[in-house]
Amino acid sequence: QVQLVESGGGLVQPGGSLRLSCAASGSISRINDMGWYRQAPGKERDMVATITSGGTTNYADPVKGRFTISRDNAKNTVYLQMNNLKPEDTAVYYCHARVAFVYYGPSYPRWGQGTQVTVSS
């Protein structure tokens with residue numbers, strides 16, 4: 001059993017910053033890609049940023065230059081530093097990881113429960 005537990009969401013004014021964290025725990029042998037996705041009311045879940053186990057990052061165009069994804073492989077944790085937040089960033093943010101239970105075995109997608117980020121004055 002694997003759990004992804006997110007923290008760090010909340011209410012912030014436009015232009016403000018938040019840092020999200022997501023820690024994976026359980027029977028984990030290896031974690032491949034990790035990432036953050038978000039879903040606004042009435043919209044589909046979209047990729048925000050991803051990071052490989054080697055540290056290669058990818059960002060959605062709306063957040064480039066404002067958000068930074070990073071990870072600590074020793075702690076099985078991924079972070080999302082969000083700066084210059086805008087009202088359109090308001091959404092539930094979900095952590096995602098591809099987890100392998102056997103080191104050379106296949107990896108499987110796992111999701112966190114989501115954390116609300118609200119940007120409003």
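This report describes a four-stranded sheet and the salt bridges in a predicted model.

## The open sheet

Four strands, in the order β1-β3-β8-β7, make up an open sheet whose pairing is antiparallel. Its edges are formed by β1 (2–7) and β7 (67–72), each of which pairs on one side only, and from one strand to the next the twist averages 15°.

At the β7 edge, six bridges join this strand to β8 (residues 77–82), the two running antiparallel. Within this pairing, I69 stands opposite L80 of β8.

## Salt bridges around D89

The count of salt bridges comes to three. In one of them D89 is paired with R38, with the closest N and O atoms 2.9 Å apart; because D89 lies in the loop between β8 and β9 (91–100) while R38 belongs to strand β4 (residues 30–39), the pair ties together parts that are 51 residues apart in sequence.

D89 also meets R66 in a salt bridge, at 2.8 Å from N to O. Here R66 lies in the loop between β6 (57–59) and β7, so that its pairing with D89, in the loop between β8 and β9, ties together parts 23 residues apart in sequence. R38, R66 and D89 are thus linked in a network of salt bridges.

The members of this network are buried: D89 has a relative accessible area of 1%, R66 has one of 9%, and R38 is likewise buried.

## The pair K64 and D61

A further salt bridge joins K64 to D61, with 3.0 Å between the closest N and O atoms. D61 is exposed, its relative accessible area being 59%.

Conventions: Residues are numbered from 1 along each chain as its sequence is written. This is a predicted model: local features need pLDDT of at least 70, side-chain atom pairs count only at pLDDT 80 or more; totals for chains, interfaces and linings use all residues. Side-chain values use heavy atoms; hydrogens and water are left out. Two strands pair if DSSP finds at least two bridges between them. Axes are lines fitted to C-alpha atoms, for helices over the stretch in contact, and angles run from 0 to 180 degrees between N-to-C directions. A salt bridge is a side-chain nitrogen of Lys or Arg within 4 Å of a carboxyl oxygen of Asp or Glu. Buried means under 20% relative accessible area, exposed over 50%, partly exposed in between (1.4 Å probe, protein chains only).
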